[in-house]
Amino acid sequence: MARLDPHSYNDSTQPETETLDWKARVDFRTQRLHAEATLTLKEASAGPLDLDTRDLEIRGVVDAQGRPLPYMLAPPEPILGSRLRVELPPGLRQLTVRYRTSPGASALQWLTPSQTAGGQHPFLYSQCQAIHARSVVPLQDTPRIRIRYRAALRVPKALKAVMAASFVHREEHGVEAEEHYEMPQPVPPYLLAFAVGSLAPKELGPRSRVWAEPELLEEAADEFSGVDDMLRAAEALFGPYDWERFDLLTMPPSFPYGGMENPRLTFLTPTLIAGDKSLVNVVAHELAHSWTGNLVTNASAEHFWLNEGFTVFAERRILEALAGHEVSALHAALGRRALEEALHHFRSHPNLTALRTHLSGVDPDEAFSQIPYEKGYLLLRAMEDAAGRPAFDEFLRRYLATYRFRALTTEEFTAFAERELPGVLAKVDADAYLHKPGVPPGAPSPRSARLEALVRARGTVPSADLVKDWTPTEWQLYLEWLPSDTPRDVFRQLDERFSLTKSRNSEVLVSWLVAALRGGWEPALGRAEAFLGEVGRMKYLKPLYGVLASSREYRGVARSLFKKYAERYHPIARQGVELILSRA
Ligand code: BES
Ligand code: ZN
């Protein structure tokens, strides 16, 4: 037996799945998928085949002729779920599992009509990263294994089903519609994704359209209209785009992330719609994953920085190409600030602050932080400085070409880097980034004229003249940099002069609300309370609930707000907030 991924029952001595044929009927009434999954193996085989499942009710397992196969569903383990072991008779290459999902499936959020923009139709979506695909499909749920798939989703006729795959056709049968998709490129299971709801498309460019509820469609299309320029900038940096289309899906407000890089169909939080394109770095980030993550994939959650650190690096290169060095430097400064926060947060778990983590017995959702993102970014920036940009760009392209459609570990990365850029790892002390806590002293730090101007404004109430050309990113950085002992009167002046409590930019708003509440600026409370009922993005819920829960005055407010709103949040977000409140 060899289990290479601590978060999967996959046994590397058993055959791998090549393709998945998935049929599912979406039942909003019972909040279940009634489904069957046909797995075709790379080669005919005999003996046990272990699949990952979580909260699936298995109805039966049959071979290609419909003959039952013996199987055993083990009792659930807290993080991994239940191992489904099927006994394969000699020569078997294909098996079908009939099952239904549970209403509590960790990858799914079922929304009532009142939780959508239109208010008329229910909505369902999946979010499988890191190890939630197993709550939707029984499979080898490790990014080491890539599958091609075909899917048919049966949904109420009034609704549209979209998938992170290529659309084949839609059939209508009575009150239902069946939408067919196929994913011709092999993908790791965490990239399986779909959504069902009242959705309409609008074209953005030759390779892109945006999907949204009709009520949000125009705004979303305006906000993301620059996507084709982004695609072309990214291709100029990283080589041809391999996924044919780059479509966007505007999610309901309870979506727990800013974005999710589902191939061909990136999922985006509606909080990006600021009216001025000021938050499109998230689109650049998800697009960058088309190379770093979706093409070249971390072998397990222990190497997550290979996905996210590379992607933050690529995101900032795209920003630099499109908007210039000043803009990318501001984002790098925000990133550095987020990294310091995360290091503080994990101060009693320093081992989780090394890039290469050891996560046996640790839930990837609990280990999640900005560290793989921003410390990973710093390591790659340090390597870029040491090698020089042209050599590093060449290195990146060879890395992508070598590992395309594969997964790798940190150890494989360092071996590759040592071969391709001899001496660079030692020069930047990569070992400290990869295996030691904290940030190495020589880590690169962003420099730019606008950053210097901001440093001078730090902690003061800036004049109207000074802020007249500040971008939202500068506002956010200014707010993030406010000293923790800033007097209440500063918050009063800031709000009176600059109406920050009314900001439409969700990043500025949350940075403001957190700082103002920490500073005891009471008028921020009403907006924070309302916002917590509007949005389910964890990046906002965690600091807002955190700041409320850490004050004796507001702790009760935090608890009663959570009671009121918990139902609206995604299960993963709910779990995250619960943890914060339980520790307060
Ligand atoms: N892949 C992540 C989101 C994710 C990570 C989902 C881990 C589940 C488990 C996505 O690419 C991401 O990093 N999103 C960020 C965007 C940002 C860094 C620009 C987010 O959601 O805030
Ligand atoms: Zn990412």
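In the predicted model, Lys202 stands opposite Val210 of strand E14, a pairing that belongs to the antiparallel run of strand E13 against E14 (residues 208-212), where five bridges join the two strands. These two strands are part of an open sheet of five strands, which follow one another in the order E13-E14-E15-E17-E16 with mixed pairing. The edges of this sheet are formed by strand E13 (200-205) and by E16, each of which pairs on one side only. Helix H3 lies across three strands, namely strand E15 (247-250), E16 and strand E17 (265-268), and runs at about 145° to E17.

Strand E16 and helix H3 also take part in the surroundings of ligand 1. Around this ligand 17 residues are found, the closest being Gln129, Gly258, Glu261, Glu286 and Tyr373. By residue class, the shell is made up of six nonpolar, six polar and five charged residues. Contacts to oxygen atoms of the ligand come from both backbone and side chains: a backbone N or O atom of Gly258 lies 2.6 Å from an oxygen atom of ligand 1, while a polar side-chain atom of Glu286 lies 2.7 Å from an oxygen atom of the ligand and a polar side-chain atom of His285 lies 3.2 Å from an oxygen atom of the ligand. Taken on its own, ligand 1 has 520 Å² of accessible area, of which the protein covers 91%. Two or more residues of the shell are given by each of strand E16 (259-260), helix H3 (281-288) and helix H4 (304-323).

A further open sheet consists of four strands in the order E6-E7-E12-E9, and its pairing is antiparallel. Strand E6 (108-111) and strand E9 (160-163) are the edge strands, each pairing on one side only. On average, and with direction ignored, neighbouring strands of this sheet are turned by 10° against each other. The pairing of E9 with strand E12 (residues 194-197) is antiparallel and extends over four bridges, and within it Lys160 has Gly197 of E12 as its bridge partner.

Other strand pairings connect E1, E2, E5, E8 and E11, and these can be followed from one partner to the next. Strand E1 (residues 17-27) and strand E2 (residues 32-53) run antiparallel and are joined by 10 bridges, with Asp27 standing opposite Arg32 of E2. The hairpin formed by E1 and E2 has four residues between the strands, and in this hairpin Gln31 takes a positive phi near 55°. On E2, a further antiparallel pairing is made with strand E5 (residues 82-100) over 15 bridges, in which Glu36 has Arg98 of E5 as its bridge partner.

Strand E1 is also joined to strand E8 (residues 147-156), in this case by seven bridges and with the strands running parallel; here Lys23 stands opposite Ala152 of E8. Strand E8 in turn pairs with strand E11 (residues 176-187) in the antiparallel sense over nine bridges, and Val155 stands opposite Ala177 of E11. Thus E1 pairs antiparallel with E2 and parallel with E8, whereas the pairing of E8 with E11 is antiparallel.

Key
Residues are numbered from 1 along each chain as its sequence is written. Chains are lettered from A and ligands numbered from 1 in the order in which they are written. This is a predicted model: local features need pLDDT of at least 70, side-chain atom pairs count only at pLDDT 80 or more; totals for chains, interfaces and linings use all residues. Side-chain values use heavy atoms; hydrogens and water are left out. A residue is near a molecule or strand if one of its heavy atoms lies within 4 Å of it. A polar contact is a pair of N or O atoms within 3.5 Å; within protein, one must be able to donate a hydrogen and the other to accept it, and residues adjacent in sequence count only if both atoms are side-chain atoms. Accessible areas come from the Shrake-Rupley method with a 1.4 Å probe; for residues, only the protein chains shown count as cover. Ala, Val, Leu, Ile, Met, Phe, Trp, Tyr, Cys and Pro count as nonpolar, Asp, Glu, Lys and Arg as charged, and the others, Gly among them, as polar. Two strands pair if DSSP finds at least two bridges between them. Axes are lines fitted to C-alpha atoms, for helices over the stretch in contact, and angles run from 0 to 180 degrees between N-to-C directions. Contact means heavy atoms within 4.5 Å.
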